[in-house]
Amino acid sequence: MNSISLFTPRFLSAPEYLCSIYEPGDQVAVLVRNRIQHQTTQRILPAENIASAPFQAWLQEQNFSGADIFIGMNPVKEGSRNRTKEQIREIRHAYLDLDEEAGASLQAIRTSGDVPPPNLILDTSPGKHQVVWRVEGLDTNQAETLLRALATQYGGDPAATDISRLLRLPGFTNRKYNEAFVVRVQQETDEVYHIQDFHVQEGNPESPRHLEDSQQGGRRIPAGHRSQSEADWAYARRALARGDAPDEVIRRIADYRAEDKADPGYYARLTVTKAQRTFMSPGRDITPRQDFFHLSDRDH
């Protein structure tokens, strides 16, 4: 790990960021989302094309017109027209979307010893961050279990825990808030990590109960003061709010509670049904979004 101590942290432009996380020919999803005009455009292009001056100029034009700019964190297969999990070619990154108490979470990441030093820290809005680690050798289940474990341990957004996730592209203004904020990123190391470098575990309906056999000695993070049933209901609400299909949410909860429920399928369906009712209650401002494109609810 000597390269970590010898590496000089530096801020990256958008093209430099793209070159640091992708190979030139990697097929990458880029998404342009204009809330004002209610328009969302997704393109899948080689990383070198996205980093090119003409495409960056087009992105800047869209950003100036009110659009937010996002980039997929894992390459998709050649010829893909979307970035579903099935289309992800390779796991390249683990990441966290930090919102509430983001500064304290970032300090914990740096000092806990349970995770290696992040490769990249993005400042996405005042006091909010996205954290990225370069990884290799992880399959889909390992990657998503790790993402959820990281979110649980460090207070990350639980919606940003799938391998087809988009994060903000640095160098562009965050248009979610009234006050303009240009997203920036600092590269802190060029190390590449493996599953055994992370010592976190968590309980979550979306994931297996353990990261990896080698991770059995890691900490199990309690669900907090809520019962597991309350946690399942809260998870169902979050998943439905970000646009996940109800049947898929039911399957995840049933799989997770298979060991401690006599009829996990019935329990999961009842939980999701109750969660769905909250969206129909008078006065509620939470509505499922079908055009979510796997973006985080917070979008920083």
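# A tour of two sheets, a helix and an aromatic cluster

Begin with strand E4 and look at where its side chains go: Asp-68, Phe-70 and Gly-72 point one way, Ile-69 and Ile-71 point the other way, and all are buried. The model on screen is a predicted one. The arrangement in E4 follows a general rule: in a regular strand the side chains alternate between the two faces of the sheet. E4 covers residues 68–72, and five of its five residues are buried, so the strand is largely enclosed by the rest of the structure.

**The neighbours of E4**

Keep E4 selected and add strand E2, residues 27–34. E2 and E4 pair in the antiparallel sense, over four bridges. Which residue stands opposite Phe-70 of E4? Select Leu-31 to see the partner of Phe-70.

Now add strand E8, residues 166–168. E8 and E4 are joined by three bridges, again in the antiparallel sense. Two places to check are Ile-71, which stands opposite Leu-167 in E8, and Gly-72, which stands opposite Leu-166 in E8.

**The sheet of four strands**

Show the whole sheet next. It is open, has four strands in the order E3-E2-E4-E8, and its pairing is antiparallel. Strand E3 (39–46) and E8 are the edge strands, each pairing on one side only. From one strand to the next the twist averages 30°.

For a side-chain contact, select Arg-43 and Trp-58. The charged end of Arg-43 sits over the ring of Trp-58, at 4.3 Å from the ring centre.

**The sheet of five strands**

Move to the other sheet of this tour. Five strands form an open sheet with antiparallel pairing, in the order E1-E11-E6-E7-E5. Its edge strands are E1 (10–12) and E5, and each of them pairs on one side only. Neighbouring strands here are turned against each other by 25° on average, direction ignored.

Select strand E7, residues 128–134. Is E7 largely enclosed or open to the outside, and why? Six of the seven residues of E7 are buried, so the strand is largely enclosed by the rest of the structure.

Look at one side of E7 by adding strand E5, residues 93–98. Six bridges join E5 to E7, and the two run antiparallel. Among the facing residues, Asp-97 stands opposite Gln-130 in E7, and Leu-96 has Val-131 of E7 as its bridge partner.

Then add strand E6, residues 120–125. E6 and E7 pair in the antiparallel sense over five bridges. Leu-120 has Val-132 in E7 as its bridge partner. The hairpin of E6 and E7 has two residues between the strands, and in this hairpin Gly-127 takes a positive phi near 80°.

**His-129**

Stay on E7 and select His-129, which lies in this strand. Is His-129 buried or exposed? The relative accessibility of His-129 is 14%, and since under 20% is the cut-off for buried, His-129 counts as buried. Show the side chain of Asp-123 as well: a polar contact of 2.9 Å joins it to the side chain of His-129.

**The aromatic cluster**

How many aromatic pairs does a search of the whole structure find? The search finds three. For one of them, select Trp-133 and Phe-198, an edge-to-face pair with 5.8 Å centre to centre and 80° between the planes. This pair links distant parts of the chain, 65 residues apart: Trp-133 is in E7, while Phe-198 is in the loop between strand E11 (184–187) and strand E12 (200–202). Both Trp-133 and Phe-198 are buried.

Add Tyr-193. The rings of Tyr-193 and Phe-198 have their centres 6.4 Å apart and their planes at 85°, so this pair is edge-to-face. Tyr-193 is buried, as is Phe-198. Show the three residues together: Trp-133, Tyr-193 and Phe-198 form one aromatic cluster.

**Last stop: helix H2**

Select helix H2, residues 14–21. Which residues of H2 are buried? They are Ala-14, Tyr-17, Leu-18, Ser-20 and Ile-21. These residues cover an arc of only 160° around the axis, which puts them on the same side of H2. The general background is that an α-helix has 3.6 residues a turn, so residues three or four places apart point the same way. View H2 along its axis to check this side.

Notes
Residues numbered from 1 in each chain as written. Predicted model: local features only at pLDDT ≥ 70, side-chain atom pairs only at ≥ 80, totals over all residues. Heavy atoms only, no water. Buried < 20%, exposed > 50% of the residue type's maximum accessible area, 1.4 Å probe, protein only. Arc of directions from axis to C-beta. Pairing = 2+ DSSP bridges. Phe/Tyr/Trp six-rings, centres within 6.5 Å; stacked < 30°, edge-to-face > 60°. Lys NZ or Arg CZ within 6 Å of the ring centre and 35° of its normal. Polar contact = N/O pair within 3.5 Å; in protein donor to acceptor, adjacent residues only side chain to side chain. Axes fitted to C-alpha atoms, helices over the stretch in contact; angles between N-to-C directions.
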